[in-house]
Amino acid sequence: MKQFLQNLLVRALCTLLVGILLIVFNADIARWIVILSGIVFIIPGAVALVSYLRRDPENRQIMLYPILGAGSILFGLVQIIWPTLFLAAIMYILAGLLLVMAATQMYTLWDIQRKGVRLHPSYYIVPVIQLAVGLYIILADSYEEAAKVAGLPVILLGCGFIAYALLELWTIYMLRSSSKDIVPMP
């Protein structure tokens with residue numbers, strides 16, 4: 001149970017930090033995420049290309065490493081130079097992450113109930129709201145209209161992440177305070 005609570009705490013604190021950053025830097029954060037992912041593509045591409053070129057020319061075989069490495073570097077450079085091309089994709093990826101987090105929270109609540117802790121039905125409100133926000137961002141008419149309203153998708157994602165983190169922290173508090181009431185399941 002101690003490991004479970006530690007995992008909940010780490011997950012909650014990381015999510016809280018990401019949510020706060022998304023709200024505070026809503027205009028720039030998506031662009032920086034794209035640029036950072038471009039850097040992440042460049043690094044393994046450069047490693048693959050350099051490791052292929054360091055081989056002895058006699059031992060080099062026809063391999064995909066230089067092609068894949070060059071393609072990865074090129075893709076990373078495009079992301080760094082033109083991050084706006086990938087901003088809509090990042091919003092959909094983050095909204096998908098919010099949907100996964102809502103499903104995870106619902107599963108965690110179900111698992112807690114299964115272990116014998118009684119939960120009030122209102123405890124499920126936050127995951128349902130997170131689910132609704134993720135679906136709104138994914139199903140919005142167009143990303144451009146939503147982005148015109150001061151980074152609304154990023155703000156909504158940040159609020160959803162913060163709500164998730166606060167609910168996880170509340171879960172830790174609830175489990176610690178009621179750990180003596182937990183009835184083990186046979």
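Which side chain meets that of aspartate 111 in a salt bridge of 2.7 Å, N to O? The partner is arginine 114. The structure discussed here is a predicted model, and a search of the whole of it finds three salt bridges. This briefing covers those ion pairs and a nonpolar surface patch of about 450 Å².

**The network around aspartate 111**

- Asp111, Arg114 and Lys115 are joined to one another through a network of salt bridges.
- Within this network, the contact between aspartate 111 and arginine 114 is 2.7 Å from N to O, while that between lysine 115 and aspartate 111 is 3.5 Å, again N to O.
- Helix α4 (residues 87–114) contains both aspartate 111 and arginine 114; the two are three residues apart, which is about one turn of the helix.
- Aspartate 111 has a relative accessible area of 11% and is therefore buried, the limit for that class being under 20%.
- Arginine 114 counts as partly exposed because its relative accessibility is 42%.
- Lysine 115 is likewise partly exposed, with a relative accessible area of 33%.

**The salt bridge between helices α1 and α7**

- The side chains of arginine 11 and glutamate 168 form a salt bridge of 2.6 Å, N to O.
- This pair connects distant parts of the chain, with arginine 11 in helix α1 and glutamate 168 in helix α7 (residues 152–177); the two residues are 157 residues apart.
- Glutamate 168 has 0% relative accessibility, so this residue counts as buried.
- Arginine 11, by contrast, is partly exposed at a relative accessible area of 29%, a value that falls between the cut-offs of 20% for buried and 50% for exposed.

**The nonpolar surface patch**

- Leu17, Ile20, Leu21, Val24 and Phe25 make up a nonpolar patch on the surface, with an area of about 450 Å².
- One of these residues, leucine 17, belongs to helix α1 (residues 2–24), the helix that also holds arginine 11.
- Leucine 17 is classed as exposed because its relative accessible area is 52%, and the class requires over 50%.

**Accessibility of the charged partners**

- The acidic residues aspartate 111 and glutamate 168 are buried, at 11% and 0% respectively.
- The basic residues arginine 11, arginine 114 and lysine 115 are partly exposed, at 29%, 42% and 33% respectively.

Note on methods:
Residues numbered from 1 in each chain as written. Predicted model: local features only at pLDDT ≥ 70, side-chain atom pairs only at ≥ 80, totals over all residues. Heavy atoms only, no water. Patch = residues over 30% accessible without salt bridge, like charges linked within 9 Å, V, L, I, M, F, W, Y side chains within 5 Å. Areas by Shrake-Rupley, 256 points an atom, 1.4 Å probe, with all protein chains shown as cover. Salt bridge = Lys/Arg side-chain N within 4 Å of Asp/Glu carboxyl O. Helix = DSSP H or I, 4+ residues; strand = E, 2+ residues; numbered from the N terminus. Buried < 20%, exposed > 50% of the residue type's maximum accessible area, 1.4 Å probe, protein only.
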